[in-house]
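Reader: I'm new to this one. Could you walk me through it?

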Amino acid sequence: MAFLKNNVECARGKTIEEGNNIYSVLSEKNSTMKYSVNMDLVCCDCPIGKDGRLCKHQVAIAKFMDVSNRNIIPLNDPKQKQYLYYIAAGKEMDL
Ligand SMILES: [Zn+2]
């Protein structure tokens, strides 16, 4: 995912919240084009994200809008971190 972290800086200031956990990300190459990302459905209408794979637009939204989906580990959500710890370790996380 390191390659995605480097690629999303271009999306800073180009992510727009449309409502209902849907976001738009302006294209870096074509200023008249934007990609629509549904974080609930874990998809984007770009060639990579349209089948549910992780794309740089989802990463940009997670980074700049502080929203996660099941493709992205939520680093800022304590409940999700506890849940993932429980899955991995089979026991509650001590806080
Ligand atoms: Zn995308």
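Author: Sure, one term to begin with: two residues are in contact if their C-beta atoms, placed from the backbone, lie within 7 Å. This is a predicted model, where local features need pLDDT of at least 70, side-chain atom pairs count only at pLDDT 80 or more, and totals for chains, interfaces and linings use all residues. Residues are numbered from 1 along each chain as its sequence is written.

Reader: Leaving aside neighbours within four places in sequence, which residues is Met39 in contact with?

Author: We skip the neighbours within four places in sequence. What remains for Met39 is Asn21, Tyr23, Ile61, Val67 and Asn69.

Reader: In what order do the elements of the chain run from the N terminus?

Author: Helices (H or I, at least four residues) and strands (E, at least two) are DSSP runs, numbered from the N terminus. The chain has 3 helices and 4 strands. Their order is α-β-β-β-β-α-α.

Reader: How many residues of helix α2 are buried?

Author: A residue is buried if 20 or more other C-beta atoms lie within 10 Å of its own, exposed if 12 or fewer, and partly exposed in between, with C-beta atoms placed from the backbone. Helix α2 spans residues 56-65 and is mostly covered. Among its buried residues are His57, Val59 and Ile61. The count is 7 of 10.

Reader: Which element gives the largest share of the largest nonpolar core?

Author: A nonpolar core is a set of buried Ala, Val, Leu, Ile, Met, Phe, Trp, Tyr and Cys residues joined through C-beta atoms within 7 Å. The largest has 14 residues. β2 (22-26), β3 (34-38) and α2 each supply at least two of them. The largest share, 4 residues, comes from α2.
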